[in-house]
Amino acid sequence: MNRIFYYNFKPLNLWLLFNIGITLLICSCFVCGWRILIYPQMWIILGCVIFSWGVWYYKYVHPQIMAVITDESIKIDHTNPVKWKDIDHAEERIVWCWFKQYRVLALIPKENINYQYNWLQKHNPFPAFSIPLYGLLTAEDEKEITKIVSKKVKLISMKE
């Protein structure tokens, strides 16, 4: 089994409306006169708008991998894969971040595993191996990931 799950971001948002608005504003400036390009400030603004469009495209149009699950391991985001045999159990948890509660599926590693944690895993309010269950995936993907994890390791569910 080799299964890849992707984040599900909704591309129609305030950022897209801002990009459209600022692009229309710049286009209207060019209609008034092309000589506006002689000002270095205009080149800086153009660079910022192109950068904003590029980052928006990367986040909302380009598929973002959330997890790669194989028979031997699970790889979450940009972390190193962790083997299923190194995971003690999984827990559904509620964690606080920026004054909001988020539901995550935390994979709890066994004691004394040799794993290279990245900076984000060390400095994050979420557990080191956490799968988001708060709307960043489709509902079907959340159910499927929970089902796969419960088959691989013991799952401790939250009491409703």
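**Notebook: strands S2 to S4 and the core**

I began with Ile-69 and found that this residue stands opposite Ile-74 in S3. The model I am reading is predicted.

I then examined the pairing around that position. S2 and S3 run antiparallel to each other over 3 bridges, and a hairpin of 2 residues connects S2 to S3.

Next I looked up the last position of S2. Thr-70 lies in this strand, which spans residues 65–70. Is Thr-70 buried or exposed? I recorded it as buried, because its relative accessibility is 18%, and the cut-off for buried is under 20%. Leaving out residues up to four places away in sequence, I listed Met-1, Asn-2, Trp-84 and Lys-152 as the contacts of Thr-70.

I followed S3 onward to S4. Strand S4 covers residues 82–83 and pairs with S3 in the antiparallel sense over 2 bridges. Ile-74 has Val-82 of S4 opposite it. The hairpin formed by S3 and S4 has 5 residues between the strands, and I noted a positive phi of about 55° at Asp-77 in the turn.

I turned last to the nonpolar interior. The largest nonpolar core holds 22 residues, and Ile-74 is among those with the most contacts inside it, together with Met-66, Leu-107, Ile-131, Ile-145 and Val-149. Two or more residues come from each of S2, S3 (73–76), S5 (87–97), S6 (100–109) and helix H4 (139–152).

Which residues does Ile-131 touch, not counting those up to four places away in sequence? I listed Met-66, Ile-74, Ile-76, Val-104, Leu-105, Leu-107, Ile-145 and Val-149.

Definitions and conventions
Residues are numbered from 1 along each chain as its sequence is written. This is a predicted model: local features need pLDDT of at least 70, side-chain atom pairs count only at pLDDT 80 or more; totals for chains, interfaces and linings use all residues. Side-chain values use heavy atoms; hydrogens and water are left out. Helices (H or I, at least four residues) and strands (E, at least two) are DSSP runs, numbered from the N terminus. Buried means under 20% relative accessible area, exposed over 50%, partly exposed in between (1.4 Å probe, protein chains only). Contact means heavy atoms within 4.5 Å. A nonpolar core is a set of buried Ala, Val, Leu, Ile, Met, Phe, Trp, Tyr and Cys residues joined through side-chain atoms within 4.5 Å. Two strands pair if DSSP finds at least two bridges between them.
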